[in-house]
Amino acid sequence: MNIGLDMMGGDFSPLEAVKGIQLYLREAGPATLWLIGDEGQIGPLLQEHRIPAASVRVVHADQIIDMNEHPTRALKEKPQSSIAIGFHLLASGKMDAFISAGNTGAMLVGALYSLKPIEGIHRPTISTVIPKENGGTGVLLDVGLNADCKPENLNQFAILGSLYASCILGIEEPRVGLLNIGEEEGKGNILAQAAYPLLAANPHIRFIGNIEGRDLLLDKADVMVCEGFTGNIILKLAESLFDISLRHRIESEYFDRFDFEYYGGTPLLGVTKPVIIGHGISRERSFLNMLRLAQKMLETDLLGKMRESFLS
């Protein structure tokens with residue numbers, strides 16, 4: 001198992017990435033880690049934190065794509081950047097998964113240009129984990145990659161989300177809900193009305209009907225489907241809840257679970273290999289959890305199960 005990590009992506013890299021690697025190796029993580037970035041910066045940090053040379057492989061990259069650069073232009077003009085090299089290694093089969101907390105747009109563009117969507121999937125999607133009041137977790141998708149969708153896209157997102165909930169979150173027979181402004185069939189805009197019968201007829205999912213915004217944090221559905229415009233607004237609202245709890249010094253195990261580092265990063269679902277995108281302010285715990293997620297995606301053969309679902 002070979003997992004690649006962009007060592008230059010994120011506001012606090014490469015130091016926090018190295019700290020995350022140290023935590024991962026303490027858990028006896030089985031993967032060989034391919035560390036892509038400036039060898040002059042990475043090498044001393046690996047020595048300082050006593051990272052075993054046998055567990056990592058450093059791949060030098062002398063260019064960095066900054067957070068504010070145009071994704072497509074940056075990838076073309078910086079072929080020796082850590083993100084560009086990472087996708088080359090992933091596409092060529094030298095690595096099995098790729099992680100970065102760098103430029104989100106460059107990660108998305110790089111994945112879509114370097115990797116193919118799984119056959120049958122019209123649009124890959126990104127999701128977020130939703131903490132439930134009862135201690136469980138759910139998954140919401142799409143959360144920003146596809147601001148405008150067709151009913152067929154939501155139907156496919158439901159399959160991808162169900163497999164993710166089953167393989168990664170450990171939820172048996174996950175319940176799928178269509179996010180809407182009312183519970184009754186026939187509610188909502190044209191997209192929701194057209195998506196409902198597709199979801200109801202989909203043999204690959206357990207569709208329970210429409211859910212409302214008030215249901216998101218309750219144990220109503222495990223997979224919550226919407227277009228990326230609505231999903232991104234919900235994601236940013238959830239992030240603000242954690243920030244408010246910190247500012248008001250609210251001690252709550254529940255609100256602590258809204259911290260993005262609790263989950264690490266989000267995978268791009270629907271492409272042929274695991275690609276995980278982290279927050280730009282990721283620190284060591286976030287890098288650790290992204291490595292755990294990549295490992296679990298490979299161990300459960302999540303993408304293989306996705307391929308099977310769209311072949312049948």
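Two strands are taken to pair if DSSP finds at least two bridges between them, and strands (E, at least two residues) as well as helices (H or I, at least four) are DSSP runs numbered from the N terminus. The model is predicted, so local features need pLDDT of at least 70 and side-chain atom pairs count only at pLDDT 80 or more, while totals for chains, interfaces and linings use all residues. Residues are numbered from 1 along each chain as its sequence is written, and side-chain values use heavy atoms, with hydrogens and water left out.

A convenient place to begin is the sheet. It is open and mixed in its pairing, with 11 strands in the order β3-β2-β1-β4-β11-β10-β5-β6-β9-β7-β8. Its edge strands, β3 (56-60) and β8, each pair on one side only. Direction ignored, neighbouring strands are turned by 25° against each other on average; axes here are lines fitted to C-alpha atoms, for helices over the stretch in contact, and angles run from 0 to 180 degrees between N-to-C directions. At the β3 edge, strand β2 (residues 32-37) pairs with β3 in the parallel sense over five bridges, and Trp 34 stands opposite Arg 57 in β3.

Further along the order, β10 pairs with β5 in the antiparallel sense over two bridges, with Ile 126 opposite Leu 268 in β10. Three bridges join β10 to β11, also antiparallel, and there Gly 265 faces Gly 278 in β11. The hairpin of β10 and β11 has five residues between the strands, and in it Gly 270 takes a positive phi near 115°. Five of the five residues of β10 are buried, where buried means under 20% relative accessible area, exposed over 50%, and partly exposed in between (1.4 Å probe, protein chains only).

Two helices pack on this sheet. Helix α5 (residues 104-114) touches β4 (97-100), β5 (125-131), β10 (265-269) and β11 (275-278), and its direction makes about 170° with that of β11. Helix α6 touches β5, β6 (137-141), β7 (175-179), β9 (223-225) and β10, at about 160° to the direction of β9. Contact means heavy atoms within 4.5 Å.

How is the nonpolar interior arranged? A nonpolar core is a set of buried Ala, Val, Leu, Ile, Met, Phe, Trp, Tyr and Cys residues joined through side-chain atoms within 4.5 Å. The largest has 60 residues, of which Ile 3, Met 7, Ile 21 and Leu 33 touch the most other members. Helix α6 (residues 151-167) gives this core its largest share, nine residues. A second, separate core of 37 residues includes Ala 61, Leu 115, Leu 140 and Cys 226. Beyond its neighbours within four places in sequence, Met 7 is in contact with residues including Ser 13, Ala 17, Ile 21 and Ile 42.

The structure also holds six aromatic pairs. Rings of Phe, Tyr and Trp (its six-membered ring) pair if their centres lie within 6.5 Å; planes under 30 degrees apart count as stacked, over 60 as edge-to-face and the rest as tilted. The rings of Tyr 196 and Phe 207 are edge-to-face because their planes stand at 80°, with centres 5.1 Å apart. Tyr 196 lies in helix α7 (residues 190-200) and Phe 207 in strand β8 (residues 206-211), so this pair ties together parts 11 residues apart in sequence. Tyr 196 is buried at 14% relative accessible area, and Phe 207 at 18%. Tyr 254 and Phe 258 form another edge-to-face pair, 5.3 Å centre to centre with 90° between the planes.
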